[in-house]
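Subject: Structure for you to look at, with notes

Dear colleague,

I am passing on the structure we talked about, together with some notes on what turned up in it. Please have it open beside you as you read.

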Amino acid sequence: MLVDSHCHLDKLDYEQLHTGIDDVLAKAKARGVEYFLSVGVTLRSFPAMMEMIEPYDNVFASCGVHPLDIDSGLDYEQFKTYAQNERVVAIGETGLDYHYQPETAQAQQDIFRQHVRVAVELNKPLIIHTRMAREDTMRILREEGAEKCGGVLHCFTESLEMAQEAIELGFYISISGIVTFNKASELKNVVSNLPLERLLVETDSPYLAPIPYRGKQNQPAYVKEVADYIGLLKGVSGEEVAKVTTENFFKLFSRAKNK
């Protein structure tokens, strides 16, 4: 059994690729993917995402504002209200991205801190996006007491040192289809050197489809390729990766119910 620990189900192609969310989940289930975490990126889109996933008790949700979407705004009280929904098992996706928007660094930091405070208050783990912002990301997590709620650095592409620092803070590291890319040698080394007990797997669909689907729109069914590739790197079976990363998911997101 597999979990896609990070997907954007409300952003998939329901015009040409899938007939609906039923179709997406059925394709995934056929490949052993049983649970899904649908990740929010704006407050504006959150209600529609929740309405979409409401009938499916194997689909969980997160609530947050992506660092590249901060211009969509963050009403703090509305955010806290949304985040208290029992289907919301995590806070985010939040964090810092200095690759695409270094000019908004201070605003990103301010909103990131608000996310961490809500996560700590509600005791819900964080989903962290970090790119070219290692020092500030880890500093803010420490300053705001993020070890109290824990979380995951999602779609990880940073250094082994950052991964180890995050693990020491009680965080997990989530690996996406990027690990299968030919040029991802540093990430392959990171995965090889981290304990499987601290890893999650994800698609980040509709983005970053793994080989052999690269160039196509990603979907939750493809998380199997990620798990299998991690198995190759670590010298274990894809089934073992699936088992351990699923256990890790339900340890971290303890509000998610494994039925």
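In H3, the residues Tyr-76, Phe-79, Lys-80 and Ala-83 touch H4 through Gln-114, His-115, Arg-117, Val-118, Glu-121 and Leu-122. Sorted by class, this contact between H3 and H4 is made of 5 nonpolar, 2 polar and 3 charged residues. Please keep in mind throughout that this is a predicted model.

As for the geometry of that pair, helix H3 covers residues 76–83 and helix H4 covers residues 105–122, and their axes come within 11 Å of each other while crossing at roughly 40°. H3 is therefore oblique to H4, and the crossing of the two helices is right-handed.

Another helix pair is formed by H7, which spans residues 185–193, and H8, which spans residues 223–234. Their axes lie 9 Å apart and the helices pack at an angle of about 70°, which means that H7 is roughly perpendicular to H8. On the H7 side the contact involves Lys-188, Val-191 and Ser-192, and on the H8 side these meet Tyr-229, Ile-230, Leu-233 and Lys-234. By class, the contact of H7 with H8 has 4 nonpolar, 1 polar and 2 charged residues.

The annotated positions may be of interest to you at the bench, although they come from an unreviewed UniProt entry. That record places a "binding site" feature at His-6, His-8, Glu-93 and Asp-204. These residues are spread over 199 residues of sequence, and yet they cluster in space, with a largest C-alpha distance of 11.1 Å. His-6 is located in strand S1, which runs over residues 2–7, and from this set His-6 is taken in by the lining of the largest cavity.

The UniProt entry, again unreviewed, also gives the feature "binding site" for His-129 and His-154. The two positions span 26 residues in sequence, but their C-alpha atoms are not more than 6.0 Å apart, so they gather at one spot. Of these residues, His-154 is included in the lining of the largest cavity, while His-129 has its place in strand S5, made up of residues 126–131.

Finally, there are some backbone details that you may wish to look at in the viewer. Most residues other than glycine have a negative phi, and most peptide bonds are trans. Against that background, the peptide bond from Ser-205 to Pro-206 is cis, with omega near 20°, and the bond from Ile-211 to Pro-212 is likewise cis, with omega near 15°. Pro-206 belongs to the loop that connects strand S8 (199–201) with helix H8, and Pro-212 also sits in the loop between S8 and H8. Asn-123, for its part, has a phi near 55°, which is a positive value in a residue other than glycine, and Asn-123 lies in the loop between H4 and S5.

With best wishes

Technical notes. Residues numbered from 1 in each chain as written. Predicted model: local features only at pLDDT ≥ 70, side-chain atom pairs only at ≥ 80, totals over all residues. Heavy atoms only, no water. Axes fitted to C-alpha atoms, helices over the stretch in contact; angles between N-to-C directions. Helix = DSSP H or I, 4+ residues; strand = E, 2+ residues; numbered from the N terminus. Parallel < 35°, antiparallel > 145°, perpendicular 65-115°, else oblique. Left-handed = near helix turned anticlockwise from the far one by under 90°. Contact = heavy atoms within 4.5 Å. Nonpolar A, V, L, I, M, F, W, Y, C, P; charged D, E, K, R; others polar. UniProt positions renumbered as here; feature names shortened; annotations may be inferred. 1 Å grid on protein atoms, 1.4 Å probe; cavity = no way out; pocket = protein on both sides within 12 Å on 5 of 7 lines; lining within 4 Å.
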